[in-house]
Amino acid sequence: EEIASLTIVLPYNDVDALKEAFERYGQDIACVIVEPVAGNMGTVLPKDGFLQALREITKQYSSLLIFDEVITNFRVSKGGAQELYSIEPDITCMGKVLGGGMPLGAYGGKREIMEKVAPEGPVYQAGTLSGNPMAMVAGIATLSELFEKNPYEYLDEITQTLCEGISKILKDKGIPHTINRVASMLTVFFTDQEVSDYRTAKSSDLGLFAKFFRALLKEGVLIPPSQFEAWFLSTAHTKEDIEQALNRIERAVSSI
Ligand SMILES: Cc1ncc(COP(=O)(O)O)c(C=O)c1O
């Protein structure tokens with residue numbers, strides 16, 4: 001409760017709300033933490049200027065900008081969302097793809113910040129599994145493979161095919177929808193509104209999502225079980241998989 005009471009929650013993509021919060025509390029704001037592409041209300045992309053505004057205002061008030069790239073690191077591009085949108089945060093949190101399926105998280109940042117961490121500095125940070133050799137080796141193997149094979153163009157292509165296919169199926173059935181996508185992450189929302197924050201994400205027809213999920217499961221296609229989670233494609237997905245998925249999605253949509 002104490003931590004929550006010291007945290008300000010703002011709507012995503014809302015530069016006015018951001019400015020207002022800083023005008024009011026600016027001197028006391030230690031940091032802003034944000035998913036540079038949101039994945040936890042479904043996929044929501046930063047609007048033009050949103051990440052720039054975050055960077056500028058945090059700099060102006062000497063507050064840190066922390067990017068939570070746990071989902072987006074090595075996924076939306078080799079250098080994550082910060083590379084894709086050319087914004088440099090002060091600290092980055094990483095996970096998921098980083099460990100290639102093993103439990104691995106990491107954070108990093110500017111030298112003057114990292115020097116505050118023990119043994120260089122006074123901030124103690126350690127954990128039983130920190131630097132766990134098996135997770136580290138898996139992470140290095142994943143990243144080596146990823147950088148060698150450079151699958152980003154391929155992932156972009158198959159994800160685009162999937163999104164266009166789903167959009168066509170839903171359009172043909174007259175079902176209002178918005179598909180948000182960047183690289184290999186996406187979300188299908190059942191709404192005719194642009195989805196740019198949690199409020200608009202919630203405009204999706206959740207009853208229809210539930211029916212869609214169950215009909216797809218029956219067809220052997222497993223999507224995330226919540227409207228507010230992102231779908232991901234991986235290098236294991238072939239073009240044939242996408243074609244087959246689209247056939248099954250069409251059957252599933254017809255059945256509902
Ligand atoms: C964007 C993002 N940040 C952080 C986390 C939390 O990571 P952990 O489960 O390692 O605490 C998640 C987990 O799904 C996430 O999606």
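Trainee: Which residues does Ile 166 touch, not counting residues up to four places away in sequence?

Mentor: This is a predicted model. Contact here means heavy atoms within 4.5 Å. With residues up to four places away in sequence left out, Ile 166 touches Ile 179, Val 188, Trp 231, Leu 246 and Ile 249.

Trainee: Which element gives the most to the largest nonpolar core?

Mentor: The largest nonpolar core has 26 residues. Leu 162, Ile 166, Phe 190, Phe 212, Ile 223, Trp 231 and Ile 249 touch the most other members. At least two residues each come from helix H7 (152-172), strand S6 (185-189), helix H9 (206-218) and helix H10 (239-255). With 7 residues, the element that gives the most is H7.

Trainee: How many residues are in the other core?

Mentor: That core lies apart from the largest one. Among its members are Leu 18, Val 34, Val 44 and Phe 67. Its residue count is 21.

Trainee: Where does Phe 67 stand in the strand pairing: opposite which residue in S3?

Mentor: Strand S2 (residues 64-68) and strand S3 (residues 91-94) run parallel. They are joined by 3 bridges. In S3, the residue opposite Phe 67 is Thr 92.

Trainee: Do S3 and S4 run parallel or antiparallel, and what is the bridge partner of Met 94 in S4?

Mentor: Strand S4 (residues 106-109) is joined to S3 by 4 bridges. The two run antiparallel. In S4, Met 94 has as its bridge partner Ala 106.

Trainee: Against which elements do the buried residues of H3 pack?

Mentor: Buried means under 20% relative accessible area. In H3, that holds for Phe 50, Leu 51, Ala 53, Leu 54, Arg 55, Ile 57 and Thr 58. These buried residues pack against H2, S1 and S2.

Trainee: Which residue with a positive phi follows H3?

Mentor: Look just past the helix. The phi there is near 50 degrees. The residue is Ser 62.

Trainee: Which elements give two or more residues to the lining of the largest pocket?

Mentor: The lining has 27 residues. Ile 8, Val 9, Leu 10, Val 32 and Ile 33 lie nearest the pocket's centre. Two or more lining residues come from each of helix H2 (15-25), strand S1 (31-34) and helix H3 (50-60).

Trainee: How many residues of that lining are nonpolar?

Mentor: Split the lining by residue class. The charged residues number 4 and the polar ones 2. The nonpolar count is 21.

Trainee: How much space lies in the largest pocket?

Mentor: A probe the size of a water molecule, rolled over the atoms, shows where empty space is left. For the largest pocket, that space is about 860 Å³.

Conventions
Residues numbered from 1 in each chain as written. Predicted model: local features only at pLDDT ≥ 70, side-chain atom pairs only at ≥ 80, totals over all residues. Heavy atoms only, no water. Pairing = 2+ DSSP bridges. 1 Å grid on protein atoms, 1.4 Å probe; cavity = no way out; pocket = protein on both sides within 12 Å on 5 of 7 lines; lining within 4 Å. Points joined across faces, edges and corners; volume = space filled by probe spheres on them. Nonpolar A, V, L, I, M, F, W, Y, C, P; charged D, E, K, R; others polar. Core = buried A, V, L, I, M, F, W, Y, C linked by side-chain atoms within 4.5 Å. Buried < 20%, exposed > 50% of the residue type's maximum accessible area, 1.4 Å probe, protein only.
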